[in-house]
Structure formats: C-alpha cells, structure tokens
Amino acid sequence: MNSSKLTAVSERQSLTDLMRIIKTLFATVLLCTGIVRAQVFLHGQLTAKDGLSHNVVYRIAQHPETGYMWFGTNNGLNRYNGNDFEVYGKNISAQQGVLAMAPVDSQSMLVSFFGGGIYRFKIPESSTAISATTDIKLAIKILPLSDGSTLLITSKGEHLLKLHPTNQIDTLYTSEPAIIDFAMSPEGVVCLATKQGLIILENQQSPPVELMTDQHIHWVEFVNGELWFAKGNEIWKLVDSVPVQIVRISTIESIHLFSVDSKGAVWVVPSSGGLLFYANERVIDLAAQIDMPDVVIQDITEDSNGTVWIATRGDGVLSFQLLRSASGYSGLPHKSLYLWTGTQLPSGELILGGDNSLFVCKDGKCRTPELPGIDAWVFVYGMISSGNQAIINTNRGVLSYEGGTGSFELLSEDVLISMVESPEGIRYASFIDGATYSIDSDDTHTFLFHCHSRVQSSIFHNGHLTIFSDSSLYNYYPGSETLIKESLPNTFVVNDVIEDHTGKLWCATSRGLYSYDGFQWKSFSKGSSAPNCKSLSMDSMNRIWIGTSNGLLLSDTLGNFETILSAEVLNNEEVGLLLEGQNGDLHVGTDHHFFTLKHIESIESVSSPRLLVGALNAGGNSYHPHHRSIPIRLPHENGNVSLSFDAVNLQSWKNSRVEYRLLPRQEQWSETKNKTLVFNALPSNDYVLEMRAVNAYEANKAAEYSLSFAVNHPWWNHWLARLSGILILMAVMVLLVKTLNDYQRKKYEQRMNTEMLKMRALNNYLNPHFLSNALNSIRHLLRQHKVSEAMEYIKQFAYLLRKNLEHLNTNSISIQEEESLLNAYLAIEQLRFDNHFQHEFTVSEDLDKSLQIPFMVIQPFVENAIWHGILPLESKEAGMVSVHLDQTKDKKHLKIRIRDNGVGFEYKTGSEESEEGRASGIAMVSSRLSLMDKDSKLLITSHSKEMPSAARGTCVEVLLSMAKLAEN
C-alpha cells in the first residue's frame, strides 16, 4: 500500500471514529430530552407468610397450557394457581434450591437443583431423576422446544445440549469461553452470550456467526423476533444484523440481567442490585418506588396476562402489573371537545358524539366521518348499539353505522332525543316533541304515550321502560300498556342513568348522584355544593364511576366516594362521557380531552394530594408564590436556586409523589421524595419551574405551581462567542485528525522503508550475477576434479542462503553469526575471483560475541571494498579486506571498522556504474541505520591510487549506541 492509500484509509478511519462520537452525543441528548408517557404499576408481593415454601426464589416460569405460575425456591418447587400454593420436591432436601426449570409438556416441569441432579416433575406429584440416566448432572438454564425436547447449558457453560423426551442427548455446540446465557428465536435460531461476544447458530449445518467479538455479553433475549442483549451498562439489539445501542444507563456499572415485556418496556437488574424500568426513553428506579432499594433479583418473567413476576433472594416473589396508561387519541380537536355519548362496536371502533361533534375512533386515531344528506353542524343526543350496528340520534335525523364499513346511512330525518332497546329487540324512541314510540324488527312504529316536557334520558330495566324528562319520571309497562308518571324531587335534571346488579337505578343529575329503587329516591351528595353529575358507568366489581364537573369519582353501592381524577388534575374540565371499553378499560371524555383508563378493576381509590409551596431562594433573595408575577433575574455568577415545599392529604409518600420540571432544561417530569429542590450552577437562560402533587392515578395532572425566572447571559455567552467557540473546536478536531493521520502515515512509511532496505540488502545475496558466478566457479572446480574444494564451497553457499532466509524477518543478528555469514560470503567471492584478495574478521576480547547488531550492515561495505576497491587493482593478489569490532573508549558505542587497500573513491573503470553501485549501497545502509538507531554514525575515509600503497584505500567506521543495542 502506497502512502496516498495509507492516508486515505487513515482519514476514513478517523472520520468514522469522529462520526461515532457525534452520534453517541446526539443519542445522549435525545435520551435526556425524551417525553415520558405516564405508566403506573400495581405492586404485589408473595412471601412465606402467603404459603410460599421459602423467601429465597431463584427461578419463575408459567406453564403455557395450565397457566399456573411455578416458583423455584430454596426449599422446593412451588405451583401457584392465583390463590393457593402446592409444593413439590421438598423431599429432595439435599439439593438446596432450584437452579433452572422449564415446562416440558402439559403437566410436567424439568428442574435442575443446585446440589446436583435434574428431575422431571409431574402432577400429581411424582419425580423422575433424569440425571440418573444421562451424563448431565447440572444445568444452569433450560429452554423448552415445541417438539417436547429441551435445550440445556451445562453447569460450567461449556456445552449446549439438546435433551430429547427419551433422555437422549445431542451436543449442539461446545464453546470456549463458557456460555453465560442463551436464547432462541421462533425460527429456531440460537444465540449464545459469552465473554468474547455473541455466537449465533442458525442450524447445525451452517457455521456459527460471531458478533461483538472481544465484548463481554451478560444477557441475551429474543423479543418479537429481535435479538436483545446486554453489554456492560448498555442494552443493544440487532437491527438488520447490525448491533444498535438502545440505552446506556450511566448510573450503574453493569447489567446483571434484563427482560423485555410485551409492551416493549425493559426491566433491568443492575449487578449492584435493585430494579430499573426503561420505557419511552426514561429510566425509573422501581426498587426505590416500592421502598425496596436493596432487593436482590435473580429472575424476571412475564405471564400471559401482562403481569411481570420477579424472583428475589430473601423477599419472596414480587409482581408488577400495569395499572393505568392514560392515552390520548389523534385526530380530535384540542379545544371545545364536548362529548357525552358513545358506544364501542365488536369491530373495535368507538363512535363518539356530543355538541357539534361525531367521531369514529380506532387504534388511537379518530376521524370526522362524512354524513349522507347532512352539510351542517351535528348535535348528537344519544346512541345505542345492537350487534355491530350503531344507531345515532342527532339534530339532523337518525343515522346508522355498520361496524368496519366506514360509512353512515341516514335512516330518518326525524329528530330523536333518546332510544333504548329491550332484551327482545324492541326499540323505544322518544322524539323531540315528547312523543314515545316502540319500533319492532320490521321497523313498524307504534305510538305509546306523550311526555309533556323535554326528555333527558331513558332506560329499559326490570321488564319496563323508564323515561326521565325535565321534571317528571314515566314508567311504561309493555304487557299491560300501563303508564305511571311521577314527579322528580328537587327538580333536578337526569343526565345519565344506569342499572346495578340488584335492579336499582343510579342517576347522574344536576344536583349530584341519586339512586331509585322504584319506590323512593336517595341522595348521595352532601350539601348545596353537590357536583353536577354528567355521566355514569359500572365496572365488573359493581363500582360506579361518576363523571362530574369536579372530576372523576368512584363509589360503591353504599355511596362511599373517592376522587380518582380531581378537578385540578383535569384542568377544571367536566367529565361528560364514561364508556366501558374492552379488556376492562374505561373511556373518559371531558370538555377538551378524550383518553382511556387501563385495567380499571385494579384501581384502588385514594385521596388526591395537595401541593403547598414555600419561598424560592435565589441570588440571596426570597420570592413567594404570590410574588411570581414579579420577574426574577439572577446574575450569571449566581445560578443557584432552591425551593421548599410540602404535600398534604397524602396517604403515604409511597403511593403519592411530587413531580417537577425546569423548562427548557428539563422537558419531562421528574419525581422527588425530598421536600426541597436545589438547582446548582444553572447556565444563563430563561426558566419556568413547574410542580405538581400526584397520586398513582393522576399521571395527567397539570402543573399546580409555576414560577418564571432568568439567569442573565454574560458577554461571552453571546451567539458570536458561541459560534467562535464552535469554529475553534472544529479546528482543533481537524488538527487532531490531521496529526493522527500524519503520525500513522510516518509510522507506516518508516516500517515500509525498513523492510524495503532489508529486502534490498538481501537482494545482493540473491543477485543473478552473484548466483551465476558462484555456481560457475563451483562447476569449474568440479571440472578440475577438485571435489573437496567444490563441496566446501557448496557447503558455504548453502549455509549463506539458508541463514539469510532465516533472518529475513529479523532486524538483528549476533556478532558470532555475522562473522560466520561474512566468512561464507567472502569464501564464495574468493572462489569467484581466484583467491586474488585476503580477508580477516577480528573482535575485541572484551566484546561479547552474543551481542545483537543490525542485520546486513557490514556486508554491503565488504562488498563495496571487494568490487570497488580490490578488483580494480592491477595486482589483485595484494588486496586485503579487514573487519574489526570494538568498543569506543567511553564504552558508549560499538565501533565497526571495514578497511581495504583498494583504489579509493576516485578510480573509475570507464563507466560510472561501479561508483553508482557504491553510492547506493552506502545510502542504503545509512538509511537503515538512521531508522534503527538515531544515535548511529557513519564515517568514511578514502584515498586514491596516487597515494602510497600503504596509505591508499577506504576505511568505513560505523558507530552504534551500546544502550540501543542492549535495549533491542
């Protein structure tokens, strides 16, 4: 590779590293500014007091067919049916705890114990020791397969095995280093986590694929066909076979294990203990929330109902269930959204109606439909559903909608106020003029009676129809055609009515909540400040949800109320719509919002907290909440702000919390259990501090307290100063990249020059003329029958070639080996030139012949002495080449002296080739010496033939640092 290619490669590598750094910084910024969707969990705990056989739990699994939860403890295997425990394997007391387990068929569990032994447990209790019939004595993880077999990791993690139902064992893979964890995709791809990276096994025929080599992978899991794994304190997953970092949790050193639930949230167990929850780009310390910061967790699994079960070492089994997720719907207006009626069809569509509003919603998206024959605003009075059809009463007529079609049909231009349906399928409709009709399956209208005031709502219950008007109640009995009219107490307006499991009616009225048993009315509102109740819904636990002008209330049938979402939480909006959804959800509509409460059956009533804020201290001054209209400006050198606060009406800090955010520095809400907020060294900016007190069910609560202040900008914080700083930083980074490229290029060129010079030196020995002449000389000896001389020269020639090839990849050689090589070379040269010169090699007695000197340093000068000094002599027999090695007087340098009595530098043979060869040889050795030893010296003295014979010739002295030689 030439230097230009080296530069290009170095620049590309440096730019790649720079882009990786920039991407990491960008991802960190995105993580820090992520928007959080509120998620609240219902926390439970099972211990030995509840029937668990031991509080130390190692493994958890759910049987896929029976649905039972299995807990492997320190004292047997526990089967849990939701109420009671059954314990198996306590008689195997010597095993000391469950190490691994997994379901293998409809009634069996395969269990590996710490003390050794693998057993198959069947229900009713019976156990078979698998380890007694196989070579497997211990397994640290078991994974069931669809064919009834299981995958196992052996005790030390060196083997991945497949155990068949017949107890036959197949070795699928042997790993070094050991397997830490493994997982398998639905397609049968197995991934192994090791200290040296990921190993992916697609099948036994394909070779394993290695990823993230030389990386310690702690944990691995397949989620929805995607491979997730943990490395250090980072969570990664494979996206199109490329590792992508999902999150780096800077508050911990490493991840012990993690699990991804069905909603895509990640449950993380740090190596130091505790439990973290990562979702929506936010990490939550769950262990701190449940007041168990020191909990030691050993396994995590999610059951088919979405409950996450956690095995602990000493705290039994923990469970977490998503209590509520308040989700908004796109496509709805942000203001003036007055909803009070709706229905949900089996197709999953929500039909919502109210004042100038009719919407069709599905999968979180809402649309305003096109209505046939209607081009003006629509006021929806009410609607009912029958099968997958919705009937909607509007001020423009009666519409029908068939679920899944997306289109409406105008049934009648008559205006209905209310419509209900009997169990027999007969509909009872009240028109705007008060007339009430029955409508059978053939769409035949039969007049029943006339209400003398505006109809508000109606219900069919206990075999008869009840209609509430502005001031009266009408009970109509279809069989006897009897109509009974009663006056409403307190002249209230009935906005909504439901029937409970006892047949009693519950009415949401303008004067609060009332019940009616057919004979008398009972009020459940106290005093004249009773809220205006707008809507009602009853859940599966026979609890009544009440939407009012003062928030969302929850009541039992005895009239015990609790506030679930207070008026402050809902920004004083009225709850006009409560609609029972699917899977135990409750759809809630207010003046401006529509959202869903998830799993309302698990919501427990709690009191709403109230936030009390004290003084804000900043810059040596105190600012109180009622002064918050006064602008607060702090000097840039004092950006320290503190605020004291308290919360009242909290049952406990464990269930309620105070949240805050400092805009624009912190967009997401953070929670605190302290009673003082401190912000140190705030940078120059305009800030808004918002706070709120919330309980477990008020994640959408708006800010109760807001305070604006500013930290002044210094002159160096001007945009021009920032731009200059950015430019300087970019220049420094470019300079660093350039310096790195130059260093790598120079280092590469130095290495290449060294190797090139070695090859050039070796080439002298392998020169075709040298080889040809040497072989011709040997052939000449053989023709003269000088066999012994020829054999000696062949021996020297072979020795010379072998030794030079051996030292091809080395930079140094001992003095003793150099002497042998040089003697072999000179012997061959003497043969070529008929012994027309003499030579000698001497070493000082105080010099160790094992000392390493640079390879191929002496030979080029000896060659120059022969070819350019001795051969041009008229009398070659008088030629002499001597080599002497000694130390300088100060013992700091090794002196190598090569001397000849040749013609010197000025003699030329009619062509300049010889002198050019001499010059190139000197330059080659000089370059090598400068690369290997910067302290080396090369001295050359030469005298031409005009000098006396005793003084002419050339002397070369090479000085090498003894310290450098000893170091090498």
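This note walks through a predicted model, from its overall make-up to single residues.

1. **Overall make-up.** Start with the elements. The protein has nine helices and 72 strands. It has 968 residues, and 48% of them count as buried. Now look at the contacts between residues at least 6 apart in sequence. Of these, 50% join residues at least 24 apart.

2. **A four-stranded sheet.** Find strands 18 to 21. These four strands form an open sheet in the order 18-19-20-21, with antiparallel pairing. Strand 18 (217-223) and strand 21 (242-248) are the edge strands, and each pairs on one side only. From one strand to the next, the twist averages 25°. As background, strands of a sheet pair through backbone hydrogen bonds, either parallel or antiparallel.

3. **Strand 19 with strand 20.** Strand 19 covers residues 226-231, and strand 20 covers residues 234-239. Four bridges pair them in the antiparallel sense. Take one bridge as an example: Lys-231 has Glu-234 in strand 20 as its partner. The two strands form a hairpin with two residues between them. Check Gly-232 in that turn, where phi is positive, at about 65°.

4. **Strand 20 with strand 21.** Strand 20 also pairs with strand 21. Here six bridges join the two strands, which run antiparallel. Trp-236 stands opposite Gln-245 in strand 21. Again there is a hairpin with two residues between the strands. In this turn, Asp-240 has a positive phi of about 55°.

5. **The setting of strand 20.** Is strand 20 largely enclosed or largely open? Count its buried residues. Five of the six are buried, so strand 20 is largely enclosed by the rest of the structure.

6. **Another four-stranded sheet.** Move along to strands 34 to 37. They form an open sheet in the order 34-35-36-37, and the pairing is antiparallel. Its edges are strand 34 (380-386) and strand 37 (408-412), each pairing on one side only. Neighbouring strands are turned by 25° against each other on average, direction ignored. Strand 36 (residues 397-402) pairs with strand 37 in the antiparallel sense over four bridges. One such bridge links Val-398 to Ser-412 in strand 37.

7. **Helix 5 against helix 6.** Now turn to the helices. Helix 5 spans residues 787-806, and helix 6 spans residues 815-832. Their axes come within 9 Å and cross at roughly 135°. How should that pair be described? The two helices are oblique to each other, because an angle of this size is neither under 35 degrees, nor between 65 and 115, nor over 145. The crossing of helix 5 with helix 6 is left-handed.

8. **What fills that contact.** On the helix 5 side, the residues include Tyr-793, Phe-797 and Leu-800. On the helix 6 side, they include Leu-821, Ala-824 and Ile-828. By class, the contact of helix 5 with helix 6 has 10 nonpolar, three polar and two charged residues.

9. **Helix 6 against helix 7.** Helix 6 also meets helix 7 (residues 858-870). These axes come within 11 Å and cross at roughly 20°. That makes helix 6 roughly parallel to helix 7. The crossing is right-handed. Which residues of helix 6 take part? They are Glu-818, Leu-822, Tyr-825, Leu-826, Glu-829 and Arg-832. Across from them, helix 7 brings residues including Ile-858, Val-862 and Trp-867. The contact of helix 6 with helix 7 divides into seven nonpolar, one polar and four charged residues. Note Tyr-825: it appears in the contact with helix 5 and in the contact with helix 7.

10. **Gln-887.** Look next at Gln-887, which sits in strand 69 (residues 879-887). Is Gln-887 buried or exposed? Its relative accessible area is 16%, and buried means under 20%, so Gln-887 is buried. Leave aside its neighbours within four places in sequence. Gln-887 is then in contact with Asp-846, Leu-847, His-893 and Met-962.

11. **Phe-595.** Finish with Phe-595, in strand 56 (residues 594-597). Its relative accessible area is 7%, so Phe-595 counts as buried too. Now find Gly-364, which lies 231 residues away from Phe-595 along the chain. The C-alpha atoms of these two residues are separated by 9.3 Å.

Note on methods. Residues numbered from 1 in each chain as written. Predicted model: local features only at pLDDT ≥ 70, side-chain atom pairs only at ≥ 80, totals over all residues. Heavy atoms only, no water. Axes fitted to C-alpha atoms, helices over the stretch in contact; angles between N-to-C directions. Left-handed = near helix turned anticlockwise from the far one by under 90°. Contact = heavy atoms within 4.5 Å. Nonpolar A, V, L, I, M, F, W, Y, C, P; charged D, E, K, R; others polar. Pairing = 2+ DSSP bridges. Buried < 20%, exposed > 50% of the residue type's maximum accessible area, 1.4 Å probe, protein only.
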